[in-house]
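Here is a short report for a reader meeting this structure for the first time. Please look through the sequence and the 3D view before reading on.

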Amino acid sequence: MKSNSLFALLAGAAAGLTLGVLFAPDKGEETRAKLKKAAEEGYDDLKEATEETAHDLHVRARYARREMNTLKKTLSEQGADLKEDVKAKILDQLAKLEKVLSKEEEQEPAVEDQDQEA
């Protein structure tokens, strides 16, 4: 949903910028200044939307990890009724999910580091 609104925002900004340049009676220098300002604003909007999305993904990954750990604990404690092979398959899938979540968490500091460099 957010990606649709981000796309709509960027498309609207591009259309507005194009129409503004085409119909602007300004001198070239003034038009270039307006283009630069619009580009900077677009960059800031995109950066903010990216940061929000990264934060949302991090929150969801933490929640998924918490739920996964709860499920693993429940299966370990109360899974005696399950056949051993089914239990092993479920635990294997949970281990794979945990690896994916770990990779996502490792990548997040890189996004924060890039923001600090900018």
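The report below moves from the overall fold to the salt bridges, and then to the surface and some distant pairs.

## Overall picture

This is a predicted model. The protein holds 3 helices and 0 strands. Read along the sequence, the pattern is α-α-α. Helix α2 covers residues 28-78. Helix α3 covers residues 84-117.

How much of the protein counts as buried? Of its 118 residues, 10% do. The accessible surface comes to about 9,600 Å². Carbon and sulfur atoms account for 58% of that surface.

Contacts also say something about the fold. Take those between residues at least 6 apart in sequence: 58% of them join residues at least 24 apart.

## Salt bridges

Side chains of opposite charge can pair when their charged atoms come close. The count here comes to 3 salt bridges. The table lists them.

| Pair | Closest N to O distance | Helices |
|---|---|---|
| R65 and E98 | 3.5 Å | α2 and α3 |
| K72 and E98 | 3.1 Å | α2 and α3 |
| D92 and K96 | 3.8 Å | both in α3 |

Start with R65 and E98. Their side chains meet in a salt bridge, 3.5 Å from N to O. R65 lies in helix α2 and E98 in helix α3, so this pair ties together parts that are 33 residues apart in sequence.

E98 also forms a salt bridge with K72, with the closest N and O atoms 3.1 Å apart. K72 sits in helix α2 and E98 in helix α3, so this pair ties together parts that are 26 residues apart in sequence. R65, K72 and E98 are thus members of one network of salt bridges.

How open to the surface are these three residues? R65 has a relative accessible area of 17%, under the 20% cut-off, so R65 counts as buried. E98 is partly exposed at 24% relative accessibility. K72 is partly exposed too, with a relative accessible area of 25%.

Which residues does R65 touch, leaving out those up to four places away in sequence? They are E98, L101, S102 and E105. E98 is thus both a contact of R65 and its salt-bridge partner.

The remaining pair in the table is D92 and K96. Both lie in helix α3, 4 residues apart, which is about one turn of the helix. Their closest N and O atoms are 3.8 Å apart. D92 is partly exposed, at a relative accessible area of 39%. K96 is partly exposed as well, at 45% relative accessibility.

## A negative patch

Where does negative charge gather on the surface? The patch is made up of E40, E41, D44, D45, E48, E51 and E52. One of these, D44, is found in helix α2. D44 has a relative accessible area of 46%. This value lies between the 20% and 50% cut-offs, so D44 counts as partly exposed.

## Distant in sequence

Two further pairs bring together residues from separate stretches of the sequence.

The first to look at is R60 with L101. These residues are 41 apart in sequence, and their C-alpha atoms are 9.9 Å apart in space. R60 is found in helix α2. Is R60 buried or exposed? At 62% relative accessibility, R60 counts as exposed. L101 has appeared already, as one of the residues that R65 touches.

The other is E104 with H58. They are 46 residues apart in sequence, with 7.9 Å between their C-alpha atoms. E104 lies in helix α3. Its relative accessible area is 42%, and E104 is partly exposed.

## In brief

The protein follows the pattern α-α-α. Helices α2 and α3 are tied by the pair R65 and E98, and also by the pair K72 and E98. A patch of negative charge, with D44 among its members, lies on the surface.

Terms used:
Residues are numbered from 1 along each chain as its sequence is written. This is a predicted model: local features need pLDDT of at least 70, side-chain atom pairs count only at pLDDT 80 or more; totals for chains, interfaces and linings use all residues. Side-chain values use heavy atoms; hydrogens and water are left out. Patches are made of residues with over 30% relative accessible area and no salt bridge: like charges are joined within 9 Å, nonpolar side chains (Val, Leu, Ile, Met, Phe, Trp, Tyr) within 5 Å. Accessible areas come from the Shrake-Rupley method with a 1.4 Å probe; for residues, only the protein chains shown count as cover. A salt bridge is a side-chain nitrogen of Lys or Arg within 4 Å of a carboxyl oxygen of Asp or Glu. Lys and Arg count as positive and Asp and Glu as negative; His and the chain ends are not counted. The place of a charge is taken as NZ of Lys, CZ of Arg, CG of Asp or CD of Glu. Helices (H or I, at least four residues) and strands (E, at least two) are DSSP runs, numbered from the N terminus. Buried means under 20% relative accessible area, exposed over 50%, partly exposed in between (1.4 Å probe, protein chains only). Contact means heavy atoms within 4.5 Å.
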